There are 2 protein chains.
Amino acid sequence: MTGLSVEIDRSSPVPLYFQVAQHIEREIEEGRLAPGARLDNEIQLADQLGLSRPTMRRAIQELVNKGLLVRKRGVGTQVVHGQIKRPVKLTSLFDDLTRANQRPRTEVLAHDAVAAPDSISVELNLRPGDTVVRLKRLRWAADEPLAIMHNWLPAELCPFSAQRLSELGLYPLLRSSGVNMRVAKQRIGARAATAEEARLLGVKRGAAVLTMTRTAFDDSGDAVEFGDHIYRSDSYSFEVTLVDQP
Amino acid sequence: MTGLSVEIDRSSPVPLYFQVAQHIEREIEEGRLAPGARLDNEIQLADQLGLSRPTMRRAIQELVNKGLLVRKRGVGTQVVHGQIKRPVKLTSLFDDLTRANQRPRTEVLAHDAVAAPDSISVELNLRPGDTVVRLKRLRWAADEPLAIMHNWLPAELCPFSAQRLSELGLYPLLRSSGVNMRVAKQRIGARAATAEEARLLGVKRGAAVLTMTRTAFDDSGDAVEFGDHIYRSDSYSFEVTLVDQP
DNA sequence: GAGTGGTCTAGACCACCGA
DNA sequence: CGGTGGTCTAGACCACTCT
């Protein structure tokens, strides 16, 4: 049985449920809430923090959704066993690498405006032949080539120079110009590298590579990017945390 | 602007928010709510269905989480563009194939109780040397080999015969004996097939295969299964829908 | 300024679990 | 049986967006 003692800042713009969820997450990550530990029930926790039960429930729900807590009716709430792994988030590879301090670097191989091929216009919900910006980049980390990234975007969304793309990465640039990604649909697969891919990635021809295609949608539900990416399988993999809601 | 007209069954054990969410999902799938369509605001929708706003909100939230709807403050709620794809769920390959009518078939290659290797005992949170059931299966679909599946489970959870495993699949058997999977942590990668794997899957040696390891936890947060699986990359891929909560 | 979703409260009743 | 989470209500105020 474990209670909580947090300072809730009611004047902060950060929602109360979020403050609480972050606090519990830190307690788990730093070991003060051990795997298997039982939390007090929702009513008690709400009282301890001076919150209503729905707000407390929402905080707990956030962590259940992340796979950090497990709830069972009639029993209680526990910290899940197993080492914590982050769920895949709607971030770009660049973000991941920056966080991991892998000295990411980007080489822009192609950057032009073309008439959208049929397959791309379908994915982006455009008329065939509409102009799209095509982008081909080679991503490096720790001085090793890591991924070949192909992106297609509606032309009006991508007025960036190769220079800035190389420095900042595509996703931060889009965010800074007011495009908010909300939903992405990805497909992950594998195949053998072509000769050109093998050369760029520094692997043998025919080596197994990991593939990922992604269509991203903004907060109006419009498609804003289609990506077709290829990763070296010896240095990249995807992690996913799945949660089954009863 | 689109309203809703549903029959809500208040005597049903199915939660109201779930009834509503399912209804909206059907409306979208069957095209009566087109991509980009705007829904009425939450208050109006709640009134139309005779529900409180929090309940209506929760129904909408379910679909936002699934990536079917998109909300923007001050603007409204819209159906997302782009063909709908199901998010990866906490189901087994067998379930997927049964739904797709691919005549799945399972060949049990090995099924025995062994002392847990270190790597497995760590994943399952057991003491080294504890007994685990090891399972090696070859999965067929449409008369083609599709996947080699390795599973390890704590011995007491898996009292099943090879016969029943072959007929029903592992996950339904576990469910029927009272084990409820709640959280799974997966890692997806790629590599070249070994000679034995290539033989079993009917591909060339060194062909690219998709790999997935998974640790599953039950509703007490205990690890109940570790799986290490290999898929033919020409007939299998993973789909993931990611949603970014603002 | 009008309209939208985002957050929060203080209650209520119920279904399920374990002793 | 008591304790737990699961659902639901009817309000309230706020932050943001568009015009």
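So, to kick off: in chain A, what share of the contacts with a separation of 6 or more comes from residues 24 or more positions apart? The figure is 60%. Keep in mind that we're looking at a predicted model here.

Let me stay with chain A for a moment. On secondary structure, we've got eight helices and ten strands. The chain runs to 246 residues, and 48% of them are buried. As for the outside, the accessible surface is about 11700 Å², with carbon and sulfur atoms making up 49% of that.

Okay, over to chain B, and to one strand there: S6, residues 144-154. Is S6(B) mostly covered or mostly open? Mostly covered: of its eleven residues, ten are buried.

Now, who does S6(B) pair with? One partner is S5(B), residues 131-141, and those two run antiparallel with ten bridges joining them. S5(B) and S6(B) make a hairpin, with two residues sitting between the strands. Have a look at B:Ala142 in that turn, by the way: its phi is positive, about 50°.

S6(B) also pairs with S9(B), residues 223-232. That pairing is antiparallel too, and here six bridges do the joining.

If you want one residue to click on, take B:Met149. Looking towards S5(B), B:Met149 is the bridge partner of B:Arg137. Looking towards S9(B), B:Met149 stands opposite B:His229.

So the picture I'd leave you with in chain B is S6(B), bridged to S5(B) and bridged to S9(B), with ten of its eleven residues buried. That's me done, thanks.

Key. Residues are numbered from 1 along each chain as its sequence is written. Chains are lettered from A and ligands numbered from 1 in the order in which they are written. This is a predicted model: local features need pLDDT of at least 70, side-chain atom pairs count only at pLDDT 80 or more; totals for chains, interfaces and linings use all residues. Side-chain values use heavy atoms; hydrogens and water are left out. Helices (H or I, at least four residues) and strands (E, at least two) are DSSP runs, numbered from the N terminus. Buried means under 20% relative accessible area, exposed over 50%, partly exposed in between (1.4 Å probe, protein chains only). Contact means heavy atoms within 4.5 Å. Accessible areas come from the Shrake-Rupley method with a 1.4 Å probe; for residues, only the protein chains shown count as cover. Two strands pair if DSSP finds at least two bridges between them.
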